[in-house]
Amino acid sequence: MAQKNIVWHSHALDRAQRESANGHPALVIWFTGLSGSGKSTLAGALEQALFAQGIKTYLLDGDNVRHGLCGDLGFSEIDRQENIRRVGEVAKLMVDAGLVVLTAFISPHRAERQKIRELMEAGRFIEVYVDTPLAICEARDPKGLYKKARAGELRHFTGIDAAYEAPEQPEVHLDGSQPVGFLVEKLLFTLKSTDILPT
(Lines give C-alpha, C1' and ligand atoms only; values in the text may rest on other atoms or scores of the structure.)
Protein backbone atom coordinates (compact mmCIF):
# COMPACT_ATOMS: atom_id res chain seq x y z
CA MET A 1 0.00 0.00 0.00
CA ALA A 2 1.34 3.44 -0.91
CA GLN A 3 2.36 5.69 1.93
CA LYS A 4 -0.08 8.51 2.66
CA ASN A 5 2.50 11.19 1.90
CA ILE A 6 3.12 9.90 -1.63
CA VAL A 7 1.00 11.43 -4.39
CA TRP A 8 0.80 10.72 -8.12
CA HIS A 9 2.72 13.29 -10.15
CA SER A 10 1.06 14.25 -13.43
CA HIS A 11 3.43 15.08 -16.29
CA ALA A 12 3.00 17.44 -19.24
CA LEU A 13 2.98 14.54 -21.70
CA ASP A 14 0.20 12.00 -21.31
CA ARG A 15 -0.86 8.70 -22.86
CA ALA A 16 -3.21 10.32 -25.35
CA GLN A 17 -0.35 12.37 -26.81
CA ARG A 18 1.87 9.32 -27.03
CA GLU A 19 -0.90 7.33 -28.69
CA SER A 20 -1.41 10.12 -31.20
CA ALA A 21 2.31 10.15 -32.02
CA ASN A 22 2.36 6.37 -32.36
CA GLY A 23 -0.81 6.21 -34.44
CA HIS A 24 -2.48 3.49 -32.41
CA PRO A 25 -4.06 2.93 -28.98
CA ALA A 26 -2.07 1.52 -26.08
CA LEU A 27 -3.25 -1.68 -24.45
CA VAL A 28 -2.31 -4.98 -22.85
CA ILE A 29 -2.71 -8.30 -24.66
CA TRP A 30 -2.53 -10.85 -21.86
CA PHE A 31 -1.84 -14.45 -22.93
CA THR A 32 -2.80 -17.07 -20.35
CA GLY A 33 -2.76 -20.86 -20.46
CA LEU A 34 -0.93 -23.92 -19.21
CA SER A 35 2.81 -24.34 -19.45
CA GLY A 36 3.51 -25.58 -22.97
CA SER A 37 0.24 -24.21 -24.33
CA GLY A 38 2.09 -21.95 -26.77
CA LYS A 39 1.62 -18.61 -24.98
CA SER A 40 5.17 -17.35 -25.43
CA THR A 41 5.42 -18.58 -29.01
CA LEU A 42 2.15 -16.91 -29.96
CA ALA A 43 2.95 -13.69 -28.11
CA GLY A 44 6.31 -13.48 -29.84
CA ALA A 45 4.84 -14.19 -33.27
CA LEU A 46 2.09 -11.62 -32.76
CA GLU A 47 4.61 -9.02 -31.60
CA GLN A 48 6.64 -9.54 -34.76
CA ALA A 49 3.52 -9.16 -36.90
CA LEU A 50 2.48 -5.97 -35.09
CA PHE A 51 6.00 -4.53 -35.19
CA ALA A 52 6.14 -5.14 -38.95
CA GLN A 53 3.02 -2.96 -39.23
CA GLY A 54 4.62 -0.10 -37.31
CA ILE A 55 2.95 -0.84 -33.97
CA LYS A 56 5.06 0.12 -30.94
CA THR A 57 5.24 -3.01 -28.79
CA TYR A 58 6.94 -4.68 -25.87
CA LEU A 59 6.74 -8.32 -24.79
CA LEU A 60 6.88 -9.31 -21.12
CA ASP A 61 7.68 -13.01 -20.77
CA GLY A 62 7.38 -15.10 -17.62
CA ASP A 63 10.94 -16.44 -17.58
CA ASN A 64 12.55 -13.14 -18.54
CA VAL A 65 11.06 -11.09 -15.69
CA ARG A 66 12.35 -13.71 -13.25
CA HIS A 67 15.90 -12.65 -14.12
CA GLY A 68 15.47 -9.10 -12.83
CA LEU A 69 12.17 -7.54 -11.83
CA CYS A 70 11.05 -10.67 -10.00
CA GLY A 71 14.45 -12.23 -9.38
CA ASP A 72 13.89 -12.12 -5.63
CA LEU A 73 10.75 -14.26 -5.80
CA GLY A 74 10.39 -18.01 -5.47
CA PHE A 75 7.51 -20.20 -6.60
CA SER A 76 5.32 -20.30 -3.50
CA GLU A 77 1.70 -19.30 -3.99
CA ILE A 78 2.38 -15.89 -2.42
CA ASP A 79 5.46 -15.31 -4.57
CA ARG A 80 3.63 -16.29 -7.74
CA GLN A 81 0.85 -13.85 -6.92
CA GLU A 82 3.40 -11.10 -6.31
CA ASN A 83 5.08 -11.96 -9.62
CA ILE A 84 1.81 -11.36 -11.48
CA ARG A 85 1.07 -8.20 -9.48
CA ARG A 86 4.43 -6.68 -10.44
CA VAL A 87 3.99 -7.59 -14.09
CA GLY A 88 0.57 -5.96 -14.06
CA GLU A 89 1.98 -2.73 -12.65
CA VAL A 90 4.77 -2.68 -15.23
CA ALA A 91 2.25 -3.34 -18.00
CA LYS A 92 0.17 -0.42 -16.75
CA LEU A 93 3.18 1.90 -16.94
CA MET A 94 3.97 0.70 -20.45
CA VAL A 95 0.40 1.37 -21.54
CA ASP A 96 0.81 4.89 -20.18
CA ALA A 97 3.92 5.11 -22.36
CA GLY A 98 1.69 4.44 -25.37
CA LEU A 99 2.78 0.87 -26.09
CA VAL A 100 0.95 -2.31 -27.01
CA VAL A 101 2.16 -4.65 -24.27
CA LEU A 102 2.06 -8.40 -24.79
CA THR A 103 2.44 -10.70 -21.80
CA ALA A 104 2.87 -14.47 -21.62
CA PHE A 105 2.18 -15.86 -18.13
CA ILE A 106 0.38 -18.94 -16.88
CA SER A 107 -1.40 -16.61 -14.42
CA PRO A 108 -3.59 -19.50 -13.23
CA HIS A 109 -6.11 -17.62 -11.09
CA ARG A 110 -9.06 -15.64 -12.42
CA ALA A 111 -8.93 -13.23 -9.48
CA GLU A 112 -5.32 -12.27 -10.25
CA ARG A 113 -6.09 -11.68 -13.91
CA GLN A 114 -9.13 -9.63 -12.93
CA LYS A 115 -6.98 -7.42 -10.71
CA ILE A 116 -4.74 -6.66 -13.69
CA ARG A 117 -7.78 -5.91 -15.83
CA GLU A 118 -9.01 -3.46 -13.20
CA LEU A 119 -5.70 -1.59 -13.33
CA MET A 120 -6.49 -0.62 -16.92
CA GLU A 121 -9.16 1.56 -18.41
CA ALA A 122 -12.05 -0.27 -20.04
CA GLY A 123 -11.08 -1.85 -23.35
CA ARG A 124 -7.34 -1.76 -22.69
CA PHE A 125 -6.96 -5.31 -21.38
CA ILE A 126 -7.35 -8.07 -23.94
CA GLU A 127 -7.32 -11.53 -22.39
CA VAL A 128 -6.17 -14.25 -24.77
CA TYR A 129 -6.81 -17.78 -23.54
CA VAL A 130 -4.52 -20.28 -25.24
CA ASP A 131 -6.62 -23.38 -24.66
CA THR A 132 -4.36 -26.35 -25.29
CA PRO A 133 -5.20 -29.86 -24.01
CA LEU A 134 -3.00 -30.99 -21.14
CA ALA A 135 -1.88 -34.04 -23.14
CA ILE A 136 -0.49 -31.80 -25.88
CA CYS A 137 1.21 -29.49 -23.36
CA GLU A 138 2.84 -32.53 -21.74
CA ALA A 139 3.93 -33.92 -25.10
CA ARG A 140 5.57 -30.60 -25.93
CA ASP A 141 7.08 -30.11 -22.44
CA PRO A 142 9.68 -27.63 -23.76
CA LYS A 143 11.37 -27.20 -20.37
CA GLY A 144 10.94 -30.73 -19.06
CA LEU A 145 8.74 -29.44 -16.24
CA TYR A 146 5.86 -31.88 -16.70
CA LYS A 147 8.28 -34.78 -16.54
CA LYS A 148 9.64 -33.45 -13.24
CA ALA A 149 6.13 -32.83 -11.91
CA ARG A 150 5.00 -36.35 -12.79
CA ALA A 151 8.11 -37.73 -11.08
CA GLY A 152 7.34 -35.78 -7.91
CA GLU A 153 10.43 -33.60 -8.32
CA LEU A 154 8.38 -30.44 -8.87
CA ARG A 155 5.46 -29.76 -6.56
CA HIS A 156 2.48 -27.44 -7.05
CA PHE A 157 2.87 -27.44 -10.82
CA THR A 158 -0.10 -25.91 -12.63
CA GLY A 159 -2.16 -28.51 -14.43
CA ILE A 160 -0.73 -31.43 -12.43
CA ASP A 161 -1.12 -30.81 -8.71
CA ALA A 162 -2.11 -27.14 -8.81
CA ALA A 163 -5.27 -25.76 -10.36
CA TYR A 164 -5.62 -23.65 -13.47
CA GLU A 165 -8.76 -21.52 -13.63
CA ALA A 166 -9.62 -21.05 -17.29
CA PRO A 167 -11.00 -17.64 -18.31
CA GLU A 168 -14.78 -17.60 -18.44
CA GLN A 169 -15.15 -14.77 -20.95
CA PRO A 170 -11.81 -14.02 -22.59
CA GLU A 171 -11.74 -11.51 -25.41
CA VAL A 172 -9.99 -14.15 -27.53
CA HIS A 173 -10.21 -17.94 -27.11
CA LEU A 174 -7.64 -19.89 -29.14
CA ASP A 175 -7.17 -23.60 -29.74
CA GLY A 176 -3.48 -23.91 -28.98
CA SER A 177 -3.18 -27.15 -30.94
CA GLN A 178 -3.65 -25.24 -34.22
CA PRO A 179 -0.72 -23.85 -36.27
CA VAL A 180 0.91 -20.68 -34.95
CA GLY A 181 0.52 -18.81 -38.24
CA PHE A 182 -3.20 -19.48 -38.34
CA LEU A 183 -3.65 -18.31 -34.74
CA VAL A 184 -1.67 -15.11 -35.32
CA GLU A 185 -3.87 -14.29 -38.30
CA LYS A 186 -6.94 -14.91 -36.14
CA LEU A 187 -5.55 -12.58 -33.46
CA LEU A 188 -4.78 -9.84 -35.98
CA PHE A 189 -8.26 -10.13 -37.49
CA THR A 190 -9.88 -9.91 -34.06
CA LEU A 191 -7.83 -6.90 -32.98
CA LYS A 192 -8.54 -5.03 -36.21
CA SER A 193 -12.22 -5.95 -36.51
CA THR A 194 -12.92 -4.52 -33.07
CA ASP A 195 -11.06 -1.26 -33.84
CA ILE A 196 -8.48 -2.00 -31.18
CA LEU A 197 -5.72 -1.59 -33.74
CA PRO A 198 -5.69 0.36 -37.00
CA THR A 199 -6.62 -1.53 -40.17
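## A buried threonine in strand β3

Threonine 103 is buried, with a relative accessible area of 0%, and in this predicted model it is found in strand β3. When the neighbours within four places in sequence are left aside, threonine 103 is in contact with Val28, Ile29, Trp30, Phe31, Leu59 and Leu60. Several of these partners come up again below, beginning with the nonpolar cores.

## Two nonpolar cores

In soluble globular proteins, nonpolar side chains tend to be buried together. Here the largest nonpolar core has 24 residues, and those with the most contacts inside it are Ile29, Phe31, Leu46, Leu50, Val100 and Val128. At least two residues of this core are supplied by each of the strands β1 (27-32), β3 (100-104), β4 (125-131) and β5 (172-175), and likewise by each of the helices α2 (39-52) and α8 (180-193). A second core, separate from this one, has 14 residues and includes Trp30, Ala91, Val101 and Phe125.

Valine 100 gives a closer view of the 24-residue core. If residues up to four places away in sequence are not counted, valine 100 touches His24, Pro25, Leu27, Ile29, Leu50, Ile55, Lys56, Thr57, Tyr58 and Leu197; among these, Ile29 and Leu50 are also listed with the residues that have the most contacts inside the core.

## Aromatic rings around Trp30

The count of aromatic pairs comes to four. In one of them, the rings of tryptophan 30 and phenylalanine 105 have their centres 5.8 Å apart and their planes at 25°, and because planes under 30 degrees apart count as stacked, this pair is classed as stacked. The two residues belong to distant parts of the chain, since tryptophan 30 is in strand β1 while phenylalanine 105 is in the loop between β3 and α5, 75 residues apart.

Tryptophan 30 has a relative accessible area of 0% and phenylalanine 105 one of 3%, so both fall under the 20% limit below which a residue counts as buried. Ring pairs also bring in a third residue, linking Trp30, Phe105 and Phe125 into a cluster.

## The annotated binding site

An unreviewed UniProt entry places the feature "binding site" at Gly33, Leu34, Ser35, Gly36, Ser37, Gly38, Lys39 and Ser40. From this set, Ser35, Gly36, Ser37, Gly38, Lys39 and Ser40 are taken into the lining of the largest pocket.

Two of the annotated residues can be followed in more detail. Glycine 33 has its place in the loop between β1 and α2 and is buried, with a relative accessible area of 0%; not counting residues up to four places away in sequence, glycine 33 touches Lys39, Phe105, Ile106, Val130 and Tyr164. Serine 35 is also in the loop between β1 and α2, and at 12% relative accessibility serine 35 counts as buried. With residues up to four places away again not counted, serine 35 touches Ile106, Cys137, Leu145, Tyr146 and Phe157.

## The annotated active site

Which residue is covered by the UniProt annotation "active site"? The unreviewed entry gives Ser107, which lies in the loop between β3 and α5 (110-119). At 2% relative accessibility, serine 107 counts as buried.

Leaving aside neighbours within four places in sequence, serine 107 is in contact with Trp30, Thr32, Ile84, Arg113 and Tyr164. With tryptophan 30 there is also a polar contact, made between the side chains of the two residues at 3.0 Å. Tryptophan 30 is thus a partner of serine 107 and a member of the ring cluster with Phe105 and Phe125.

Definitions and conventions
Residues numbered from 1 in each chain as written. Predicted model: local features only at pLDDT ≥ 70, side-chain atom pairs only at ≥ 80, totals over all residues. Heavy atoms only, no water. Core = buried A, V, L, I, M, F, W, Y, C linked by side-chain atoms within 4.5 Å. Buried < 20%, exposed > 50% of the residue type's maximum accessible area, 1.4 Å probe, protein only. Helix = DSSP H or I, 4+ residues; strand = E, 2+ residues; numbered from the N terminus. Contact = heavy atoms within 4.5 Å. UniProt positions renumbered as here; feature names shortened; annotations may be inferred. 1 Å grid on protein atoms, 1.4 Å probe; cavity = no way out; pocket = protein on both sides within 12 Å on 5 of 7 lines; lining within 4 Å. Polar contact = N/O pair within 3.5 Å; in protein donor to acceptor, adjacent residues only side chain to side chain. Phe/Tyr/Trp six-rings, centres within 6.5 Å; stacked < 30°, edge-to-face > 60°.
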